[in-house]
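Here are some short exercises to work through with the viewer open. Try each task yourself before reading its solution.

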Amino acid sequence: MRTDIEQDAETSQQRPEQGEEQGVSRRAFLGAAAVAGAGAALQAIAQTRTELERGRAGSSASDPGPENTVLLKANPDANLPPFTDRGNMHPIWYSFDLTQKRLQAGGWTHQVTSREISQSRELAGVNMRLTAGSFRELHWHLADEWAIMLTGRARISVMQPDGKMFLDDVGPGDLWYFPAGYPHSIQGLEGDGCEFLLVFDQGDFSEDDTFLLSEFLAHTPPEVVEKNTGWTRQEWDRLPQTALYIFEAALPGPLEEERRFLGKHLEEENRYTFRMGAMPPSFADAHGSVRIVDATNFSVARNIAAAMVSIQPGGIREMHWHPNASEWQYWIKGQGRMTVVGTEAKARTMDFRANDVGFVPAMAGHSIENTGTEELIFLEMFKASRYQDISLNQWMSRMPDSMAKAHLRLPLSTIRRAPQERVPILPR
Ligand code: MN
Ligand code: MN
């Protein structure tokens, strides 16, 4: 029986790769497998696969009834999937452009959380805009906050439990990280202010679920505030009575001036910002690049790891998975499609564009293809202190010959034609 399989595998190079003849020879091959007793079930799967492949291309796929052609044009794979998709996988796609903006004088905010992607229990994202001078009010929250500036500039502040404050200005491609409970602020700077992405290490995080300076003071009895600060009741009455959250303000002075004000209370050891866009790539070839930032090079980022991936047109992010966390993606530029393969043969393919969010369940195998004509850039985010992935190609290259042949049913010469090392971005 083993010999039959090997013989079939060895002759597979001479037969056509696609079309009806492949179906016939697969059935011949499965006839050999039937000797092992598993034949009927395997044959049923093989026929289904052939039928599905034909159906995807033929008239069975026609849809003469009502159609939302705008959605279909943007998401062709979501509606009529590749024939390899199967089963009912949880959602792997959402877009910030489908979520309502909370709009205030000074900017806006909206979020994609486990309320939009039900299985994303580890991370949630907020996309926020601040006009020049406007503040995201001083606040803190239960989750750690990782952020990347997308456009424009901002000044950030964060205070440690030891009373030292870190102050810095950030621009496009720069990160910041605020540990849970550390009070912080963000202020848009000159020009057009800024827009940024925040990622929190709680899937059900809500941008409304934050502790605010204004509310702490407004909801403590005034006589207690007087004992705490020395401010009279009349002065307490002048404090904001409701949340400021986002509000307009004058532009700040130069960074160096505000740092001088802090003097010995300026934090200079721990760095809460990181220039991700300016760092040398962790991997680069002609087809793309990967920049990895985690606690090894950005020490304060203890709970959230990130990779910024660039793929040239036609290239793919290789088939891989992550052994330590689920993956939350933010798509920055370009377009592509991702296929995720889970347990019980569940597989889902969706199309993605800038401002979309992707999700990969923990350990699920996946790959991403640039389907556009320009560079694709997206972020892979993990609730982890270290970035880790496992490469399918690297794994197959480490399989001893007999192990590889027994599983893949291909001639060794074919098996070893695959890349023998991890290559994060592969050509078209
Ligand atoms: Mn925050
Ligand atoms: Mn990945």
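The exercises below concern a predicted model, and each is followed by a worked solution.

**Exercise 1. The metal site**

Task: Find which residues coordinate the manganese ion (ligand 2), and work out how the donors are spaced in sequence.

Solution:
- Start at the ion and list its donors: the NE2 atoms of His 320, His 322 and His 366, together with OE of Glu 327, at 2.1 to 2.2 Å.
- Next, write the donor residues in sequence order, which gives the spacing H-x1-H-x4-E-x38-H.
- Now place the pair Glu 327 and His 366 on the fold: Glu 327 belongs to strand β19 (residues 327-333) and His 366 to strand β23 (residues 365-370), so the pair, 39 residues apart, links distant parts of the chain.
- Finally, ask whether these two are buried or exposed. Buried means under 20% relative accessible area, and both Glu 327 and His 366 are buried.

**Exercise 2. A loop residue**

Task: Locate Asn 324 and decide how accessible it is.

Solution:
- Follow the chain from β18 (316-321) towards β19; Asn 324 lies in the loop between them.
- Then take its relative accessible area, which is 27%. Because this value falls between the 20% and 50% cut-offs, Asn 324 counts as partly exposed.
- To finish, look across to Ala 384: its C-alpha atom is 7.1 Å from that of Asn 324, although the two residues are 60 residues apart along the chain.

**Exercise 3. The seven-stranded sheet**

Task: Give the strand order of the open sheet, and explain why β2 and β14 are each left without a neighbour on one side.

Solution:
- Trace the strands across the sheet: the order is β2-β3-β4-β11-β6-β9-β14, with antiparallel pairing.
- Look at the edges, where β2 (102-104) and β14 (273-275) stand; each has a single partner strand, so one side of each has no neighbour in the sheet.
- Add the twist, which averages 20 degrees from one strand to the next.
- Zoom in on one pair: β3 (residues 107-112) and β4 run antiparallel and are joined by six bridges. Val 112, for instance, has Gly 125 in β4 as its bridge partner.

**Exercise 4. Enclosed space**

Task: Find how many cavities of 30 Å³ or more the whole structure holds, and describe the lining of the largest.

Solution:
- The search finds two such cavities, and the largest has a volume of about 70 Å³.
- Its lining comprises 13 residues, with Met 128, Arg 136, His 139, Leu 198 and Phe 200 nearest the centre.
- Map the lining onto the fold: β4 (124-130), β5 (135-140) and β11 (194-200) are the elements that give two or more residues.
- Sort by class: seven lining residues are nonpolar, three polar and three charged.

How values were computed:
Residues numbered from 1 in each chain as written. Chains lettered and ligands numbered in written order. Predicted model: local features only at pLDDT ≥ 70, side-chain atom pairs only at ≥ 80, totals over all residues. Heavy atoms only, no water. 1 Å grid on protein atoms, 1.4 Å probe; cavity = no way out; pocket = protein on both sides within 12 Å on 5 of 7 lines; lining within 4 Å. Points joined across faces, edges and corners; volume = space filled by probe spheres on them. Helix = DSSP H or I, 4+ residues; strand = E, 2+ residues; numbered from the N terminus. Nonpolar A, V, L, I, M, F, W, Y, C, P; charged D, E, K, R; others polar. Donors = N, O, S within 2.8 Å, 3.2 Å for Na, K, Ca; no water. Buried < 20%, exposed > 50% of the residue type's maximum accessible area, 1.4 Å probe, protein only. Pairing = 2+ DSSP bridges. Axes fitted to C-alpha atoms, helices over the stretch in contact; angles between N-to-C directions.
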